[in-house]
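Here are my notes on this entry, set out as numbered points. Please read them with the model open.

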Amino acid sequence: MDLEIKLKDYLVINITVLTNTIYIMEKIIYCIIIISSFLSCGTAVQTTQEQENTPNIIFIFSDDQRFNSLSMTGDPVTETPNIDQLAKEGVFFNNTYITSPICGPSRANIFTGQWERRNKIGFNYISKNIITEATYKKSWQVLLREAGYSTAFIGKSHTKIGDKNNTPLNENTDFAYYGNGHLGFYPAKRHKQFSNLKNKTQIEGMLEATKAYLSQDNSYDYFYENAQPSIKNQLHKRDPNKPFSVWINLNLPHASSIGGMGSKTTDPEYYKTKYENVKHKIELPEGYPQDISLPDNVYATKDLMKYYVTSNKGKLLNEKLKMNRAVYAIDLMLGELRKFLKEIGEAKNTIIIFTSDNGLFLGEHGLGGKTILYDESVHVPMIVYSPFFKNKTKGKVIDELVVGQDIPATILDMCGIEIPESYQGKSVLPLISGENTNWRNDIFLENLFTDQGYPRQEGVRSKQYKYIRSFSKENDRLKYLPLQTIETDEKPIYEELFDIINDPKEQNNLAKDKDYVEVLNEYRKRCKILASELK
């Protein structure tokens with residue numbers, strides 16, 4: 001009997017202790033949850049430490065794709081449901097600008113995270129400069145690789161790294177599959193290294209190469225077996241035990257790569273007939289054809305490259321039609337890529353960033369091409385998507401002024417890797433998370449490319465005004481002078497000032513308007529300050 005009582009007492013005491021312990025543990029867990037919620041409040045992206053796995057990165061860089069080339073940004077013809085969907089699930093940056101709006105320099109700025117004025121990497125045959133190996137080792141993909149990533153560089157390369165053979169790029173990339181310069185619509189015609197592709201058209205071929213790198217089965221064994229001997233040693237499938245980073249560089253909708261589009265029976269049908277029934281909806285600039293808005297001594301009709309002449313209406317409409325088809329194909333590529341990521345089980349861990357290397361004139365200001373610092377040339381779409389975004393972040397549109405150089409800093413920040421001090425761009429994560437941050441109020445724009453008749457230019461763009469100054473092309477021809485205006489205080493031969501809010505198409509130059517003298521002087525000073533700071 002006594003034993004029974006003692007046993008009952010023992011059980012009661014231990015049950016009480018156990019109950020109290022559970023209660024205490026519940027309180028501790030509850031406190032942890034509250035603290036965690038407090039710490040994560042307002043944070044749009046989970047830090048790497050909070051993620052189960054280190055995130056993968058895919059960066060898609062199109063070529064000459066204007067800001068308004070998407071359905072969501074107002075193109076009346078082109079269908080871009082996959083890009084638009086990426087923006088709905090991610091964050092769209094409404095004011096993204098390329099500060100050196102031309103192929104090679106724009107790409108060099110992404111490699112270095114710097115303005116061209118600092119890195120001095122123009123087209124090699126003019127600047128005579130290359131991205132040094134030391135500088136390249138601070139580039140975002142190299143830093144990711146050092147942090148344990150498997151990396152791929154695919155498509156167009158338009159800047160030299162280390163030497164004429166891009167040796168550091170080849171040796172420090174797991175999958176280096178690219179062509180120097182323009183790719184053309186059929187890349188294998190210009191670059192034999194693309195001859196192992198089954199898809200002969202550019203966009204579809206670059207998607208095939210991306211799948212070959214990401215795939216873990218034998219579906220793409222042919223790709224590696226048939227690769228050119230000269231590049232076989234730089235083509236390795238991703239390591240499944242590592243996160244991956246893929247930089248896809250397209251050369252479309254660039255005018256140099258639309259020639260031949262739809263001419264082969266094997267081309268996808270959309271390259272042949274897409275949008276034929278809605279060609280009448282393709283828009284031309286108001287008042288087309290416009291005269292070139294610059295004086296002849298700054299830039300003239302005779303300076304235009306042949307494939308950038310826009311005065312022939314039939315030719316221009318045909319070019320726009322082909323570019324619409326190219327953007328549609330890019331959209332399909334994105335959709336197929338996201339589908340493939342799901343198939344291989346990587347969709348829930350892959351960040352995708354999409355933008356263009358610069359915009360494009362299609363008759364605006366009487367111009368074709370890019371490089372001149374009007375918005376058609378410098379303004380591009382940009383989307384940052386992460387599967388780790390909070391629901392309240394998805395579909396967010398950010399109006400702050402963002403530049404291409406912000407992309408490498410953002411990627412490293414999203415991967416929890418320290419941003420080099422040499423970078424002049426900034427991570428956009430504080431903008432995404434809605435933090436109160438001391439963001440830039442204006443951006444410095446520049447053109448240092450002095451071939452093909454282009455004038456050397458500098459500019460400042462805020463949300464309200466844009467100031468552009470142009471220098472003598474006669475003095476500059478085939479020279480590379482990123483620092484000349486600082487060193488000599490050279491005077492511009494032509495100035496422009498636009499009220500962007502009231503004149504978004506930059507048609508009314510206020511530089512000689514007496515009512516804007518104070519604004520003009522303010523922006524002259526600001527331009528000089530930024531040029532000096534960024535050197």
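1. In which sense do strand S14 and S15 pair, and over how many bridges? The pairing is antiparallel, and six bridges hold the register between S14, residues 465–470, and S15. One position to look up is Ser-470, which stands opposite Tyr-494 in S15. Keep in mind throughout that this is a predicted model.

2. These two strands belong to an open sheet of four strands. The order is S12-S13-S14-S15, and the pairing is antiparallel. S12 (442–447) and S15 (494–499) are the edge strands. Each has a single partner strand, so one side of each is left without a neighbour in the sheet. From one strand to the next, the twist averages 10°.

3. What lies across this sheet? Helix H19, residues 517–534, does. H19 lies across S12, S13 (457–462), S14 and S15. Its direction is at about 70° to S14.

4. Now to a helix pair elsewhere in the numbering. H2 covers residues 81–89 and H13 covers residues 313–343. Their axes come within 7 Å and cross at roughly 55°. That angle makes H2 oblique to H13. From H2, the contact uses Pro-81, Asn-82, Ile-83, Gln-85, Leu-86 and Glu-89. H13 contributes Ile-330, Asp-331, Leu-332, Leu-334, Gly-335 and Arg-338. Sorted by class, the contact has six nonpolar, three polar and three charged residues.

5. Is helix H3 mostly covered or mostly open? H3, residues 103–112, is mostly covered, with ten of its ten residues buried. The buried set includes charged and polar side chains as well as nonpolar ones: among them are Arg-107, Asn-109, Ile-110 and Phe-111. Cys-103 and Thr-112 are also buried. After H3 comes Gly-113, whose phi is positive, near 70°.

6. Last, the chain as a whole. The protein chain has 19 helices and 15 strands. Of its 535 residues, 58% count as buried. What share of the contacts between residues at least 6 apart in sequence join residues at least 24 apart? The share is 72%. The exposed area of the protein chain is about 23400 Å². Carbon and sulfur atoms supply 51% of that area.

Technical notes: Residues numbered from 1 in each chain as written. Predicted model: local features only at pLDDT ≥ 70, side-chain atom pairs only at ≥ 80, totals over all residues. Heavy atoms only, no water. Pairing = 2+ DSSP bridges. Axes fitted to C-alpha atoms, helices over the stretch in contact; angles between N-to-C directions. Contact = heavy atoms within 4.5 Å. Buried < 20%, exposed > 50% of the residue type's maximum accessible area, 1.4 Å probe, protein only. Parallel < 35°, antiparallel > 145°, perpendicular 65-115°, else oblique. Areas by Shrake-Rupley, 256 points an atom, 1.4 Å probe, with all protein chains shown as cover.
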